[in-house]
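Me: I'm new to this one, so could you walk me through it bit by bit? I'll ask, you explain.

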Amino acid sequence: MQRDLRLDNVGRRYGLRGPWVLRGVHLTVPPGTLIRIEGHNGTGKSTLLRLLARIDAPSEGRISGAPRTAYVPERFPTALPFTALGYLTHLGAVHGLSRPAATRAALEWLDRFGAAAYARTPMAQLSKGSSQKVAVAQALLAEPELLVLDEAWTGLDSAARAELERAVAERTADGTAVVFVDHDPRRLAGAPDATYTVHDGALNVRTGQGTSPSTGPHATVVVQGPSGASLPAEATRTATATDEPTPGTHRLTVPASHSDVVLRALLAAHPPWHVVSVSQETTAPSDPSAPSDLSAPSAPSEAESRR
Ligand SMILES: Nc1ncnc2c1ncn2[C@@H]1O[C@H](COP(=O)(O)OP(=O)(O)OP(=O)(O)O)[C@@H](O)[C@H]1O
């Protein structure tokens, strides 16, 4: 099965004679990549994400590839006749988990997002924030190959926002492709492999945001390993830069939102790597003016919500 999702010359308009919302869109989403989509209101970001999630079809052009996909829509339907746990368990079963495994996974995700107390609350009675946690949990539960997040952070409290950033970092390190839209430019700053802008119906790659992103908070992790050992693949894949200042001592620059995942990979290696220091820079990695010690990645700050 082809796991790369590919859009070739894709166009979408609503209605036979409606204006083109998107036209001539070419995009390939390889496994393990993190892609940010930005653009002004109403430019077609959600339209593009619905096409990527394959819940909408293009009016012209072709979409190929069939990764197992999970999607968090901009507006999650809450009036469902289930409890939060019942809904997630049902979806887990749809995704092929046994019922006990689905229940276990559902409870784990609700717990990670601080919503375990609402497991048995009917969906229709959940607050906006709690139902957003269910929306996010249903997508992560599926362990997808492609995760499509349409403003999934909106409505979450700061702990849950940080948890979702961690979950994205874990998924991409595991080979899941993640495509997201978020109104906060600081969301996963420095982490995306590519950023695209939707403008006038076209999708343009934003220059200066290639495989070595230079914006956003980064952490510098210094580790020492067994002599001659290579860094774990998960760590090198996530790092935006690595070097070996002295033999056996490696320095990795990683997006702050991904530092947990890198540390876990280093500590779980056989034999484990020795972590000498972790420090966070709150500005671009090239700016040496603001380093500060860090034992755990800080929660991202949130721009004022549009809604
Ligand atoms: N189901 C639909 N039927 C008709 N028009 C639609 C439909 N969905 C979107 N549109 C129109 O397509 C255009 C792009 O909408 P879309 O929601 O994709 O933009 P967006 O960039 O995600 O906007 P926002 O940032 O406000 O969420 C808008 O003009 C919108 O009115």
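Me: Which residue in strand 6 is the bridge partner of valine 72?
Reply: This is a predicted model, so take what follows as read from a prediction. Strand 5 and strand 6 (residues 146-150) run parallel and share four bridges. Within that pairing, valine 72 finds its bridge partner in strand 6, and that partner is leucine 149.

Me: And what packs on the sheet there, touching strand 3, strand 6 and strand 7?
Reply: Look for a helix whose direction makes about 145° with that of strand 7 (177-181). Besides strand 7, this helix touches strand 6 and strand 3 (34-38). The one you want spans residues 158-173, and is helix 5.

Me: Which strands stand at the edges of the six-stranded sheet?
Reply: The sheet is open, mixes its pairing and has the strand order 5-6-7-3-8-9. A strand at the edge has a single partner, so one of its sides is left without a neighbour in the sheet. That fits strand 5 (69-72) and strand 9 (202-205).

Me: How many residues lie between the strands in the hairpin of strand 8 and strand 9?
Reply: Strand 8 (residues 194-199) pairs with strand 9 in the antiparallel sense, over four bridges. Tyrosine 196 sits opposite valine 205 of strand 9. In the hairpin, aspartate 200 takes a positive phi near 50°, and the number of residues between the strands is two.

Me: What about the three-stranded sheet: which strands are at its edges?
Reply: This sheet is open too, its pairing is antiparallel and its order is 2-1-4. An edge strand here pairs on one side only, which picks out strand 2 (20-29) and strand 4 (60-64).

Me: Which residue of strand 4 does aspartate 8 stand opposite?
Reply: Strand 1 (residues 5-13) and strand 4 pair in the antiparallel sense over four bridges. Helix 1 lies across both of them and strand 2, at about 130° to strand 1. Opposite aspartate 8, in strand 4, you'll find arginine 62.

Me: Which helix gives the most to the shell around the ligand?
Reply: The residues around the ligand include Tyr14, Val21, Gly39, Asn41 and Glu74, along with Lys45, Ser46 and Thr47. By class, the shell has two nonpolar, seven polar and two charged residues. The top contributor covers residues 45-52 and supplies three residues: helix 1.

Me: Are helix 2 and helix 3 parallel or oblique to each other?
Reply: Helix 2 (residues 84-94) and helix 3 (residues 99-112) pack with their axes 8 Å apart, at an angle of about 130°. The crossing is right-handed. Among the residues that meet are Leu85 and Leu88 from helix 2, and Ala106 and Trp109 from helix 3, and the contact divides into 10 nonpolar, three polar and one charged. An angle over 145 would count as roughly antiparallel and one under 35 as roughly parallel, so these two helices are oblique.

Me: How many nonpolar residues are in the contact of helix 3 with helix 4?
Reply: The axes of helix 3 and helix 4 (residues 128-141) come within 10 Å and cross at roughly 135°, in a right-handed crossing. On the helix 3 side you have Ala105, Ala106, Trp109 and Leu110, which meet Ala137, Leu140 and Leu141 in helix 4. No polar and no charged residues take part in this contact, and the nonpolar count is seven.

Conventions
Residues are numbered from 1 along each chain as its sequence is written. This is a predicted model: local features need pLDDT of at least 70, side-chain atom pairs count only at pLDDT 80 or more; totals for chains, interfaces and linings use all residues. Two strands pair if DSSP finds at least two bridges between them. Two residues are in contact if their C-beta atoms, placed from the backbone, lie within 7 Å. Axes are lines fitted to C-alpha atoms, for helices over the stretch in contact, and angles run from 0 to 180 degrees between N-to-C directions. Angles under 35 degrees count as roughly parallel, over 145 as roughly antiparallel, 65 to 115 as roughly perpendicular and the rest as oblique. A crossing is left-handed if the near helix is turned anticlockwise from the far one by less than a right angle, and right-handed if clockwise. Ala, Val, Leu, Ile, Met, Phe, Trp, Tyr, Cys and Pro count as nonpolar, Asp, Glu, Lys and Arg as charged, and the others, Gly among them, as polar. A residue is near a molecule or strand if its C-beta atom, placed from the backbone, lies within 6 Å of it.
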